[in-house]
Amino acid sequence: MRLILASSSKTRKTLLHRICGNSFEILPPEIDETPLNLENPKNLSERLSLEKALKISKLNRDAIVIGSDQVAFCDGKILKKSNNFDDAFEQISWQIGKQTTFFTGLALARHGGKEVQSSIVTSQVFYRDSNFISEKLVRKYITKENPLNCAGSTKFESLGICFLKRVETEDPSALMGLPLIKLCSF
């Protein structure tokens, strides 16, 4: 069967390449990622992962389709994907000295969506405090990394890792956006 990653994320592509080489296709699903009324971050992550996989699976019935989505939640607030420098600065500043929970959803759809598996991997991220993370450092990071369109505006696969004190997760790749351990178990 063909293997399709339902994503436009370069990081997810790089992660999947680690275990599949070049033996997969990429088809961005173009879905509305707006949270439903009173939807919690965990359910949002799972729903979006499923929607991505199902949308592409229905169009490619002969393929196994992988959908994934990540939602960051800090201090009672869902951190949406930042659209610009100011949004990214605000999000990173909000997380300084705090714990952020990242919910990374994973869904696999086969046979046009008739067979589906889904799961959530939860990662607890503890950010360093303001003694380590200065406003100047955050501005330099955003200018260099351009962390737009990623949950919490922190690219853990690059310099964003410097903001962290520690991480608790069952799957380190989940923090970067695609839980490879869980994917292999599927």
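The following conversation concerns charged side chains and salt bridges in a predicted model.

Trainee: How many salt bridges does the structure hold?
Mentor: The predicted model holds 12 salt bridges.

Trainee: Which residue does Arg-2 meet in a salt bridge?
Mentor: The partner of Arg-2 is Asp-62, with an N to O distance of 2.6 Å.

Trainee: And which parts of the chain does that pair tie together?
Mentor: Arg-2 belongs to strand 1 (residues 2-6), while Asp-62 sits in the loop between helix 2 (41-59) and strand 3 (63-74), so the salt bridge ties together parts that are 60 residues apart in sequence.

Trainee: Are the two buried or exposed?
Mentor: Arg-2 counts as partly exposed, at 27% relative accessibility. Asp-62 also counts as partly exposed, at 41%.

Trainee: Moving on, what does Lys-98 pair with?
Mentor: The side chain of Lys-98 forms a salt bridge with that of Asp-75, at 3.3 Å from N to O. This pair links distant parts of the chain, 23 residues apart: Lys-98 is in the loop between helix 3 (85-95) and strand 5, and Asp-75 is in the loop between strand 3 and strand 4 (77-79).

Trainee: How accessible are Lys-98 and Asp-75?
Mentor: Lys-98 has 25% relative accessibility and counts as partly exposed, whereas Asp-75, at 55%, counts as exposed.

Trainee: What about Arg-139: where is its partner?
Mentor: Arg-139 forms a salt bridge with Glu-135, and their closest N and O atoms are 3.4 Å apart. Both residues lie in helix 4 (residues 135-145), and because they are 4 residues apart, about one helical turn separates them. Arg-139 is partly exposed, with a relative accessible area of 35%.

Trainee: Which residues are linked in a network?
Mentor: Salt bridges link Glu-33, Lys-52, Asp-69 and Lys-81 in a network.

Trainee: New topic: where is Arg-110 placed, and is it buried or exposed?
Mentor: Arg-110 is in strand 5 (residues 99-110). Arg-110 is buried, yet it has no salt bridge.

Trainee: What is the nearest side chain of opposite charge, and why is there no salt bridge?
Mentor: That side chain is Glu-115, 4.2 Å away from Arg-110. A salt bridge requires the nitrogen and the carboxyl oxygen to be within 4 Å, so the pair does not qualify.

Trainee: Then what is Arg-110 in contact with?
Mentor: Leaving aside neighbours within four places in sequence, Arg-110 is in contact with Ser-57, Ala-63, Ile-64, Glu-115, Gln-117 and Phe-186. Glu-115 is thus among the contacts of Arg-110, although Arg-110 has no salt bridge.

Conventions:
Residues numbered from 1 in each chain as written. Predicted model: local features only at pLDDT ≥ 70, side-chain atom pairs only at ≥ 80, totals over all residues. Heavy atoms only, no water. Helix = DSSP H or I, 4+ residues; strand = E, 2+ residues; numbered from the N terminus. Buried < 20%, exposed > 50% of the residue type's maximum accessible area, 1.4 Å probe, protein only. Lys, Arg positive; Asp, Glu negative; His and termini not counted. Contact = heavy atoms within 4.5 Å.
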